[in-house]
Amino acid sequence: MTPSIAERFASITQFQRGGHRAPHKPLLLLIALARLQRGEPQYGAYSEMAPLLAELLALYNRTGLAHPHHPFWRLQNDSSAIWEVPERERLLPLENGGDVSNARLISGDAHGGFPTEIDAHLRAHPSVVNTIATGLLHDNFPPSYHEDILNMIGMPWVVEEAPRRIRDPKFRGSVLRAYNYSCAICGYDGRLGEKSMGLEAAHIKWHAAGGPDEIENGLSLCTFHHKVLDLGGLGIDDELRVVISGDVNVRSGPTDWLHQFHGQPLAPPQRESFQPALAFIRWHRSEVFKQP
Ligand SMILES: [Zn+2]
């Protein structure tokens, strides 16, 4: 059976290939979908898309390295057949590594976009664009990234459709309870009336990467430390101590809410069996934490 257009987009998902997480292709596709949604022409100029893609990669790629020309060129060769560079022949032959350089894509005025039949189908079916964008976000990034990515690419907030993997509604409550409703890093335990405020249950190994909804994969964190954990600005070592990435700079402010916790142990949960499991911590260090 021929895969649907949405299935072809989903097939580029990076996590299933083993090895390291690589958000390059999903981010390029999201930028292109946002262009299409705004009614811009089928093919967009590399010189216009590359700066935004580089900015996104600097934030959301594990290494912080931004090479926007890699996905722009390589996505053409993906078996999904959802990306075209019309100037392809003119830009050949390939340089070392089988790529075309950033400089050549700019000087050759390269463009990229969806093949005509896909482009036409998506323009005629805006709900399919929403489905695909939702899928790309859920399959590749933790929820704390979604709104920021959509804001950066200029795409209206995508209406949540049925998630691909069901989330356990008890996860949040169980994790917050295990840590006595306070941040395992800074101890924040603010409440608004009776209810915790600004406190979240973080997945250490992302749900998008197959991380389970279990207490050993969770941490009760304040909104700020949750965000920094998901971005890789902090990690956790095998002794359950906080490690702040060498890439983190805090320029001013009354208190540095990151470096003061470097080397500090996480607050222990109520039972030892609730402690973060090493497998999840190590996944986070290898796939998310920005190594100094
Ligand atoms: Zn905190």
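**Exercise 1. Determine whether S182 is buried or exposed, and describe its surroundings.**

Solution. S182 has a relative accessible area of 16%, and it is therefore buried, a term that means under 20%, with exposed over 50% and partly exposed in between (1.4 Å probe, protein chains only). The structure is a predicted model, in which local features need pLDDT of at least 70, side-chain atom pairs count only at pLDDT 80 or more, and totals for chains, interfaces and linings use all residues. Residues are numbered from 1 along each chain as its sequence is written, and side-chain values use heavy atoms, with hydrogens and water left out. Next, place S182 in the loop between α10 and β3, where helices (H or I, at least four residues) and strands (E, at least two) are DSSP runs numbered from the N terminus. Its side chain reaches the backbone oxygen of Y179 at 3.0 Å. Finally, leaving aside neighbours within four places in sequence, S182 is in contact (heavy atoms within 4.5 Å) with G187, Y188, D189, L199 and S220.

**Exercise 2. Identify which atoms coordinate the zinc ion, and explain the arrangement of the donors.**

Solution. The donors (N, O and S atoms within 2.8 Å of the metal, or 3.2 Å for Na, K and Ca) are SG of C183, C186 and C222 together with ND1 of H225, at 2.1 to 2.4 Å. Their angles of 94 to 118° make the arrangement tetrahedral, since four donors count as such if all angles lie between 85 and 135 degrees. In sequence, the donor residues follow the spacing C-x2-C-x35-C-x2-H. C186 lies in the loop between α10 (171-178) and β3 (191-192) and H225 in helix α11 (residues 223-231), so this pair ties together parts 39 residues apart in sequence. As for accessibility, C186 is partly exposed at 24%, whereas H225 is buried at 0%.

Key
Tetrahedral: all angles 85-135°; square planar, octahedral: opposite > 155°, others 65-115°. Polar contact = N/O pair within 3.5 Å; in protein donor to acceptor, adjacent residues only side chain to side chain.
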